[in-house]
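Please look at the sequence and the structure shown below before you start, and keep both in view while you work through the exercises.

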Amino acid sequence: MEVLENMGEINNLKKILRELEYPRKKRLINDIKHIAKTFKHQGLQILVRPASCKACGYPFNQKGLTLKIPSKCPKCKEERIKWPSIKIEEA
Ligand SMILES: [Zn+2]
């Protein structure tokens with residue numbers, strides 16, 4: 001949580017994953033969901049910028065904090081996916 005707060009505005013999830021040495025992205029995503037609840041009590045909210053395709057820019061759908069990290073672009077079939085970013089804001 002501290003790391004998230006101190007990481008600046010837009011935090012790329014991949015960076016966070018590396019920084020905190022998470023073994024699996026699923027665990028990070030779960031933690032972020034927990035953290036979001038705590039933030040809410042402090043009047044903060046987590047905004048998500050969805051993943052997109054690095055090759056064609058295809059934007060993936062993002063529902064709340066699901067933080068889906070797709071493995072492949074449905075449009076151009078590229079596997080270079082830009083991970084979602086999150087931003088912490090005052091609610
Ligand atoms: Zn694409």
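The exercises below move from the whole chain to single residues, each with a worked solution.

The model is predicted, so local features need pLDDT of at least 70 and side-chain atom pairs count only at pLDDT 80 or more, while totals for chains, interfaces and linings use all residues. Residues are numbered from 1 along each chain as its sequence is written.

**Exercise 1.** Work out which helices and strands the protein chain has, and in what order they run.

*Solution.* Begin with the definition: helices (H or I, at least four residues) and strands (E, at least two) are DSSP runs, numbered from the N terminus. Counted in this way, the protein chain has three helices and five strands. Next, follow the chain from the N terminus, where the elements come in the order α-β-α-α-β-β-β-β.

**Exercise 2.** Find what percentage of the protein chain counts as buried, and name the residues of the largest nonpolar core.

*Solution.* A residue is buried if 20 or more other C-beta atoms lie within 10 Å of its own, exposed if 12 or fewer, and partly exposed in between, with C-beta atoms placed from the backbone. By this count, 14% of the 91 residues are buried. A nonpolar core is a set of buried Ala, Val, Leu, Ile, Met, Phe, Trp, Tyr and Cys residues joined through C-beta atoms within 7 Å. The largest one has eight residues, namely Leu 13, Ile 16, Ile 32, Phe 39, Ile 46, Leu 67, Ile 86 and Ile 88. At least two residues of this core come from each of H2, H3 and strand S5 (85–90).

**Exercise 3.** Determine which residues Phe 39 contacts when its neighbours within four places in sequence are left aside.

*Solution.* Two residues are in contact if their C-beta atoms, placed from the backbone, lie within 7 Å. With those neighbours set aside, Phe 39 is in contact with Leu 44, Gln 45, Ile 46 and Ile 88. For the protein chain as a whole, 52% of the contacts with a separation of 6 or more are between residues 24 or more positions apart.

**Exercise 4.** Compare the span of H3 with its expected span, and then place Lys 40 relative to Glu 90.

*Solution.* The expected span of a helix is 1.5 Å times one less than its number of residues. H3 has 17 residues and reaches 25 Å from its first C-alpha to its last, close to the expected 24 Å. Lys 40 lies in helix H3, and it counts as exposed because it has 12 C-beta neighbours inside 10 Å. Although Lys 40 and Glu 90 are 50 residues apart in sequence, their C-alpha atoms are 9.1 Å apart in space. After H3 comes Gly 43, which has a positive phi near 80°.

**Exercise 5.** Describe the phi angle and the surroundings of Glu 21 and of Lys 77.

*Solution.* Recall that most residues other than glycine have a negative phi. Glu 21, although not a glycine, has a positive phi of about 55°; its place is in the loop between helix H2 (13–19) and helix H3 (25–41). With 6 other C-beta atoms within 10 Å, Glu 21 is exposed. Lys 77 is not a glycine either, and has a positive phi of about 65°; it is found in the loop between strand S3 (52–53) and strand S4 (81–82). Lys 77 is exposed too, with 10 other C-beta atoms within 10 Å.
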